[in-house]
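Me: I'm new to this one and a bit lost. Please take me through one part of it up close, in plain words, and tell me how its pieces fit together.

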Amino acid sequence: MRNLVVLDERVATLPGGDWVATSADAAEERLFALSSTGLLACVVDSDVVWEVSLPPASDWHWCTYHQELEVVVCASRSGCLLAVHVRDQDIDVIGHFDDGLCGVAWSGSEDQVALVTGNGNFVTMSASWDVLSECPLEVSAFGGEATLVSIAWRADGKFLAMNGVFAAPTRQVLIWEHDNATWKRHGVGRHEDSRALMDLGSALAWAPNHTLVASTQMLKKQHHVVFFERNGLRHGEFAVDAAIVSHVQWNSLSDVVAVAVVTASGVPAVQLWTRSNYHWYLKREHVVADNVSDLRWDLETPHLLHVLLRSGTYHAVTFHSRVHASATPMATVAVIDGCDLKLTHFGRAMIPPPMSAQTVRLPAPVNALAFADDSIVLSTSCGAWYLVTNGVATTVSRAGVDYKQPMQSLAYDGHSVWGVPEGGRGSLIVVALDLAGGVVSDVTTVAAPMEASWAVPSMDGQAVQIATGERFHVASGDTDDTLHPRYAQWTLLDNDVCLGWVGSKLFVNGAPLASAIASFHVSHGYLMITTLGAHPTLQLYKLSDLAEDATLPVHSQPVERGARLVTAVPHKADVVLQMPRGNLEVVVPRPLLLTLVQAYVADSHYAPALELCRKHRVDMNVLVDIDAAAFVAAVPSLIETLPSRVRNDRLSLFLTNLHPINVCSAKYALPSVAMPQTWDKVRKVCAAFRAALLARDTAVYLLPLLTCEAKMLLLEPALRRLQLLQREDAALAQKGLQHLVFLVDVDVLYDEALGLYDMELTRLVAGFTQRDPKEYLPELAAYEALATAESPAVMRYTIDVALRRFAKALSHLATEPLETARALALITTHHLYEDGLRLFPPTSPLHREIVLAHAAHLVATGAVAAGGAAYLAARPPALDAALDAFRKALDWRMAVSIAARLPDYDVATLAYEMAEELLNAMGTQRNPTAAAELYIHYCHDVDEGVATLVQAREWQRALQAALLHGRSDLVETEVEPQVVQAAEDLLDDLATRTSTYTAHWTRLTTLREQVRLFRLHGIDGRGDDTGMDDGASSAASAFSNLSMSSVGSHNSNRDVRFGTFTSLETASHSATTSPFYAAMTAAAADPGSTLKKKMPRRFRRTKIQEGSADEDAYVDKWLHAVIPTTEFAADTKRLLEMLVYFGQTRTAQRIQVALDTFLDHIDAHPPPGPAHGDGSPEEVVRIADDTWKIISPLV
């Protein structure tokens, strides 16, 4: 579906004469032309640089440039063969054939030349002019004009074809095969049924891809280009509307056939034909001034055509294939096929070529066209302009006369139609055309700057490139001096990004983006390209990324090799690809699809967005997740805009696919409006749809309504709706039930139906389950019998118990006065106390029993205090049970208060027992202070109370209690001695903490210094202290036990010596136990003792072996454990106050000095930082101030 446009045309004029042949030197970009009188000219850049006159003759006919020999080999029909050296223009005569020559052709590799002599011999010679083979053609001697033989080599040199009068009076096509250094006839041109061919023309060309041999034939009084297979069989043709067909040539890619013709009106022209889907298209008819004498395609540039006219005019025309597609929603593609313009509207339907939606017939072949909004402006080969609107062609006129101007290219910038005319690349024509009437109001000519020439218009029609690389904006007349490669196809984007394609390279603002592309297209904010190579792909780039110099594709998918982009449908996200054989394929890249969905959602067009998601299997949740609030608000309009015939289906499909995951972030990476964390998408959306549908005819929207209720787990309203509908429209109810069964587990639905107490509906639902009718039918019958035998309430109670809806079952029993025992059993069995108290008010005889049962349940489950309160709440209260509950809760105040309400209850005995319980309790429930209060106030036992407080180190409380009750003797015998003993224990503890901290600090510093030295020497595989991971940390810890002397040698484990740390474990335990135990362990750790006592099991469980991998962390842990805390300081302050009270000022000062010295030691020796380099030293939290001190050391 591509058309050929002219990129460049260079014209050179040779001296007057009859010019017959050309040959090109592609490497040096020069052309050699030969006249029949023997003038050989060299043309470079449209200028003749030198000429050579060959020996006089009037029948020079062939010339070929031999690149390896650097000569131009010329031959005449009279038999002269010579070589002209291109360096110095010397002439070497190779030889002379006495019988003359009828045909000369060099092979594609230029290693041999085939000649047909006048006496009917077929001769091949090497490049050194040695005869390789010679064989007779077995024909009579040639004579006259008809004796010329056309020769065409296959590209590999194994076959060649001849076209000549080998059997008078008609021409034949002979196929020769090279085998064992000889040539033999391989085939003869013929029909499929072996009939001989008639009326063949003289043209002959073998396709470079080895497939077909092209020639011409007159069939039914019309010229045709016919094709032959290698074996000579005919293989298709196409008709040429011409009086004469003189030349046929394939280009190097074998995708374009050039045909030199003279039209029926006597106008010479060159026609370009392409093939797609077994149909041949006339893509361009290039009118020339004289008959064509030679026609050749360039060997290196596939679409460069060399045309030599007999008058000596030389044309070098470069073509490029491109798609002409509109940017409108119709996505119309125009395909040129000679006089027919075929229009395919991809926005409506995909129609594969050669078919089309519309065909517009023109009087002459179409050469150039441009889309102008919804119309097409075109120019034919004769120069006439036409305006095509709605499939109808109207002649463009100016001042009442048909406007004519042959054009190489056309473009439309939104205001004017402009382009480059044929034969005048130095000027640009801007035409003010009324698209409504097809009338030209003004024509302006713009000259190219600096005597340059115009190149290619942009695809968007905004600018044209100058041959030197700059860009000229037609509307404004401004020139962008930024140099770009000379593009074959390019476009300007809104964000000032220039995309250009030349050869197989794609450029963005002059910088290469991709080096092997087959096509590109811009749509939906994306650049799409198809690549070449063994694994071709379709790649998408965001235009916004290209504007920011990002060069990575956002999407890539494989395509068939040779696939090229045709167009993209704006409102469908369809990308149309054409395969090499011509058929079409449509793909929908996910980024384009999501972009289109976003655009629809932004415009609140949810119905087409929903249809797009359904068609292309996009998660429909994206419609909600982009902007959930806007979607919920647009639910009523979405329902109305969906087509009525598919409305229920689309709504049910959408609602069924709702799920709570945000697909914009989890699946598609799309921007979305954030919603609160607590926002329930499924429930909110379904609720919006349900409300909108309930406001309409619920019978019409039954299925989507049931879907909403199923997603919201509102099964009971759904079944009730079906229950009511069953009486009005049983068939619709059956359909709705089937739909509900599809959405919900049928067993759950059965239970819900049973919970409606409608046995008929339950039987209907049961029919969709896997249940055995022999089981559920008797069960349902038994329920119906209960309603008759006892009461409907009992039936409902029984059903609810079976469904484990115990609260609802209890509500049914509350209506039956005779079912109190069953109700109480149900309450206690399933702990329905709150429901029972609500259903049975205080006036009910069952109310107190429910309260007592609730209290007993609370006590049994551990909520003892709450159970006691429940016993008290009963009317009348259950005091004994409440007392036991509060006693279990160790709530001694409530217990003794309740005991006082009981007649003849021994409160003192209760106080003694609860005090013992408080002292023997575990954890936070142990409360010596409360126990002392019970001893003193309820048992009147001051001695036991004071002793309890002293034991709990509550010195002030003990002193206060003794003095309050006049027991100064207890102060002397209990309080003061224990305070003095505690002071001595504290001094010992501080001394132990100091020594323990020093030992731990020394060991930890040694360990981490050893780790640093080992790592410095690379023993753990690192050369610095940075970046150590967990694995390296373990390795470093394992090495950390080595002594400093082991750094120099680490080849053997026997050389490793361990450091000593004898008091590690003892010190660590003493630092975390009571002062009494600290003194004991300090004595046990006396180094003078030689007896090894067995360590208690509780300590052996925490023993760390020296040199282990965990030693570093172990020592660090206990080092921080001995540092005094704020609680330690507060406890010390209380003890200091009591010492001062009892006159032990010196002891208090000693404690202050010892603790202050320890804290200063910690400040001078803070814990060492981590050795791994990935952490900071742990900050030591020292006691904030000196508020713990109570007396000056100077007192």
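Reply: **Salt bridges and a strand**

Start with aspartate 1116 and arginine 1008, whose side chains meet in a salt bridge at 3.6 Å, N to O. Aspartate 1116 belongs to helix H33 (residues 1111-1121) and arginine 1008 to helix H28 (residues 968-1016), so this pair ties together parts that are 108 residues apart in sequence. Both aspartate 1116 and arginine 1008 are buried. Elsewhere, salt bridges that share partners join Glu611, Arg614, Asp649 and Arg650 into one network. Keep in mind that this is a predicted model; the count of salt bridges comes to 45.

Now for the close look, and another of these pairs takes us there. The side chains of aspartate 340 and arginine 361 meet in a salt bridge of 2.7 Å, N to O. This pair links distant parts of the chain, with aspartate 340 in strand E31 and arginine 361 in strand E32, 21 residues apart. The two ends sit in quite different surroundings: aspartate 340 has a relative accessible area of 16%, so it counts as buried, while arginine 361 is at 58% and therefore counts as exposed.

Let's stay with E31. Strand E31 covers residues 340-345, and 6 of its 6 residues are buried, so the strand is largely enclosed by the rest of the structure. Check either face and you'll find cover: Asp340, Lys342 and Thr344 are buried on one side, and Leu341, Leu343 and His345 are buried on the other.

So what are its partners? Strand E30 (residues 332-337) pairs with E31 in the antiparallel sense, over 6 bridges. E30 and E31 make a hairpin with 2 residues between them, and glycine 338 in that turn has a positive phi of about 65°. Strand E32 (residues 358-361) also pairs with E31 in the antiparallel sense, here over 4 bridges.

Lysine 342 is a handy spot for seeing both pairings. Valine 335 has lysine 342 as its bridge partner in E31, and lysine 342 also stands opposite threonine 359 in E32.

For contrast, hop over to the surface. Glu28, Glu29, Asp45, Asp47 and Glu300 gather there in a patch of negative charge. Of these, glutamate 300 lies in the loop between strand E26 (292-297) and strand E27 (304-309). Its relative accessibility is 55%, which means glutamate 300 counts as exposed.

Conventions. Residues numbered from 1 in each chain as written. Predicted model: local features only at pLDDT ≥ 70, side-chain atom pairs only at ≥ 80, totals over all residues. Heavy atoms only, no water. Patch = residues over 30% accessible without salt bridge, like charges linked within 9 Å, V, L, I, M, F, W, Y side chains within 5 Å. Areas by Shrake-Rupley, 256 points an atom, 1.4 Å probe, with all protein chains shown as cover. Salt bridge = Lys/Arg side-chain N within 4 Å of Asp/Glu carboxyl O. Lys, Arg positive; Asp, Glu negative; His and termini not counted. Charge placed at Lys NZ, Arg CZ, Asp CG, Glu CD. Buried < 20%, exposed > 50% of the residue type's maximum accessible area, 1.4 Å probe, protein only. Pairing = 2+ DSSP bridges.
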